[in-house]
Every structure is written in structure tokens, then in C-alpha cells.
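Student: I'm new to this structure and would like a close look at just one part of it. Could you pick a stretch of paired strands and walk me through what sits around it?

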Amino acid sequence: VTSTSISFANGDAGNAGFIELEASNGDIAVNGGGLNSQSVAAEGNSGNAGQIEITANGDIGVQGEISADTAANLDAGDGGDITLDTFSGDISVSENIDTGSTSISGENPGQGSSDNAGQVELNAPSGEIAVGNIRTESGTNSGIGGDGGNIELSALNDITAGTLNSRSFNSQEGNGGSITATSESGTITTGSILSSGSQIFGSVNSSGARGNIKLDSFQDLVLLSPFIDSAGSGHDGNINLISRTGDIALEGGFINSNGFNEADGGDIRIEGLNVSLDDVELTATSSGIGSGGSITISTPGSSTLNNSRLSTSLEPGAVGAGGAVVVDANSVSLTDSTLDTATFGQGDAGNVDIIADDSINLVRSAIFSITDGQSDAGLVSLDAGRQIRLTDNSSISTAVNRDVSDAFNIEPIGNGSD
């Protein structure tokens, strides 16, 4: 099904049309070719993409991609919204969903702008969702970028998706879209997640808000090789990863909500029955006038870090306060891992708090807070109900390089420690 406006020669493309499919008593199956309502101009300006709405009582299945995006050599129009609603069935899309707005002009600085990307909303209150990548980003090579579109996925059962991208890039104004996925009784599995706001490094005029990210799974939440980026020069950018009754496993990736220019770092929070990080780095920093965000892991079970790092900091030249690092669990185990807070600017480093009902074990690992400026290092506190154990050259420390600052105390609390 196609409703597309394309200009291949010199000239502008018009607006694409609206696509609506409805089956009030049955299923909808698009068996090849996908659904497209695009506006594309190879040499001129594009128009707006059309909206795509699919509503069914039963299953919704699309073999191919669903596209309501715009692209132009000069100015690109708005992407269209895409909505898929099923009352009692599943949603499956074999390829990608795209509502982006992209200007590819690079010949003349300041020429070629993108408008706002469309929203994507998928609802399966009685079933599951399985899709490819979802792109709702807005960007330009040299002009003004629009806002990224919000992405909202909601299902009773499992949600499986590829990369989720709602960022705004290469502009001073565009906001990143928020990304939310909620499974009421199943698992959530995704690829990378990008919701950064527009940012031009070093420009105080860059102020695009970052989209918040929230994955809320009833059972396990699994992110393999995750790259989760909610950085930018505007407000928000919080990241929440939640499993209400299952485990959270993060393997081989990087999660950051760093603030630039006048933005705070966003908060990163992970909650699950058990939480494991394997070769993963989490950062929440500020490199301008703003505070670093906090990083929190909270679980009634075990928190296990292997070759991983949790870090908050004020970068050189920053003015604000560093964020805290908190791990609250029944047992905490660090192997070849680091928990640290730091300040290299004007403001105190955050505290590091490790709380365990049972035990805290460090193997070839370090927990520290440092300062290299005119400010204080943070408090490092370990509180265990039974035991604190450091082996194989593990360390806990605070450090300061200038006499005008103070390194705070280290507080180990436990019935037994060595």
C-alpha cells in the first residue's frame, strides 16, 4: 500500500496521503510491499508525510516496512504519525518502522532544515509486539533540526524490537523524543536506544531537550550489546530500566545520560529481581553549567557487576555538583569492576553508597571518589548485614590533589569485614 510523493529531478515534492486500514472483526495482513506514505525530494524540498493508522480486533501483520518519513536535499517536511492498535491480537512488522525527517543538504552551511518526526504508537493489550528497528529521529547536516517523535510500545505479553531511535541531531533547537515500552506480563528485548536532544558541542545556544527512556517489563528485561544514549544540551534525559518480577541482564554495552553546556546529567535507575552487568559502562556526567546525574541499582536479590563501571562526574570547566552512585541489594558482587564519582570542575563529587542486607564482595575491583579541583570528594559508604570482603588488590578510597579541598571519610559497616 503506497501513498508517496517523490521528486527525482530538480523541484519539490508534495505531501503524501493518509493510509487507514481497519478490521473491526478480524485480522489485517499485509503480505509484501509494506506500507509507505513518504515525501522525498532528491534535489529540492519535500512535503509532509502522511499518517498511517491500522486498527484490528485480531492480529496485525505486515511483511515489509512501514514508512511515513520525509527526506530532502534542502528542507524536509514533517514525518507522519504511525499508529497500530489491536484489541485482542498480536502486532508483527517484519522490517522497520520509520517516521523520520531528514535534510541531507551539506553544500551551504545553514541551508537545509528538517521538521518534526512523527510519533509511533503500538498497542497490543491482549497480545505481543514483534518489530524491527523504529526510527523517529529528525536531523540535518547543516540547518535547523526538528523534534524527534515519541515512541510508545504497550503489550500484555512479550515486546521484541530492534534499535529504537528518537533523537534530534546536528541542530541547536530540536528535542529528542521519549521512548516507552511496557509489558504487563511478559519480557522486553530491544537493541540500542537513542533519545538524545540536539547538541552542537561548545555552543551555549544548543538547548534541545533529551527524551526520557523507560522500559517497564513484568518479567525479564534483556538488552544484548546495548548502546543507550540520552545525552544532550537540554533538560530531561532520564533512563529507567525496570523488571517487576524478573531479572535484568545487560551485556556488552554503554549507557549514558551526559549533560552538555547548561544541562544536568540525567538520572539512570535500574530495578529488577536480580541485576547483572557484564562488560557494561554507565555514565551520568556534566560538562557545562549543570550537575551530574545519579546512578542507582535497586534489587531485593543480587547485584552482580563483571568488568563493568558505574561513574558520575563533573568534567573540566563544569559548574554544579556530581551525582551519587547507589547500589542497594541483598548481595553485591564486583569482579574487575569500578564504582566511582569525581569532580574536575567547580562542585563536589557525589557520594558512593553500597547497601547489602547480606554481603558485599570485591574481586580486583575499586570503589572511589576523587577531586582534581577546588571542591570536595564524596563520601564512600559500604553497609552490609553480614560481611564486607575485598580480595585480589581490591580497594576503597577517596583522594584530593589540592590542600584547599577535603577528602571525605570512608565508612565500612558490617558484622564482619576483611
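Tutor: Let's begin with β31 and strand β34 (residues 309-314), which pair in the parallel sense over six bridges. One spot to find there is serine 286, which stands opposite leucine 314 in β34. Keep in mind as you look that this is a predicted model.

Now stay on β31, which covers residues 275-286, and look at its other partners. Eight bridges join β31 to β29, and those two strands run parallel. Within that pairing, leucine 250 has leucine 277 of β31 as its bridge partner. There is also strand β33 (residues 302-306), joined to β31 by four bridges and again parallel. Here you can pick out aspartate 278, whose bridge partner in β33 is asparagine 306.

From β31, step across to β29 and look for aromatic rings. How many aromatic pairs does a search of the whole structure find? The search turns up one. That pair is phenylalanine 227 with phenylalanine 254: the ring centres are 6.3 Å apart and the planes meet at 15 degrees, so the pair counts as stacked. Phenylalanine 254 belongs to strand β29 (residues 248-256) and phenylalanine 227 to strand β27 (residues 227-229), so the two rings tie together parts that are 27 residues apart in sequence. Are these two rings buried or exposed? Neither, quite: phenylalanine 227 counts as partly exposed because its relative accessibility is 35%, and phenylalanine 254 is also partly exposed, at 26%.

Next, try leucine 241. Leaving out residues up to four places away in sequence, leucine 241 touches a list of residues including Leu250, Ile248, Ile255, Ile228 and Ile270. You've met Leu250 already, as the bridge partner of leucine 277. Leucine 241 is also one of the residues with the most contacts inside the largest nonpolar core, along with Leu122, Leu310 and Leu339. That core has 71 residues. As a rule, nonpolar side chains tend to be buried together in soluble globular proteins.

Two of the residues that leucine 241 touches, Arg269 and Ile270, lead us on to threonine 296. Not counting residues up to four places away in sequence, threonine 296 touches Ile268, Arg269, Ile270 and Val326. You'll find threonine 296 in strand β32 (residues 295-298). Its relative accessible area is 14%, so threonine 296 is buried.

For a contrast, follow Leu122 from that core to glutamate 152. Leaving aside neighbours within four places in sequence, glutamate 152 is in contact with Leu122, Val120, Glu121 and Thr180. Glutamate 152 sits in strand β18 (residues 151-155), and with a relative accessible area of 38% this residue is partly exposed.

Finally, zoom out to see what surrounds our part. The chain has 43 strands and zero helices, and buried residues make up 53% of its 418 residues. Among contacts between residues at least 6 apart in sequence, 78% join residues at least 24 apart. As for the outside, the chain exposes about 15,800 Å², with carbon and sulfur atoms supplying 42% of that.

Technical notes
Residues numbered from 1 in each chain as written. Predicted model: local features only at pLDDT ≥ 70, side-chain atom pairs only at ≥ 80, totals over all residues. Heavy atoms only, no water. Buried < 20%, exposed > 50% of the residue type's maximum accessible area, 1.4 Å probe, protein only. Contact = heavy atoms within 4.5 Å. Core = buried A, V, L, I, M, F, W, Y, C linked by side-chain atoms within 4.5 Å. Areas by Shrake-Rupley, 256 points an atom, 1.4 Å probe, with all protein chains shown as cover. Phe/Tyr/Trp six-rings, centres within 6.5 Å; stacked < 30°, edge-to-face > 60°. Pairing = 2+ DSSP bridges.
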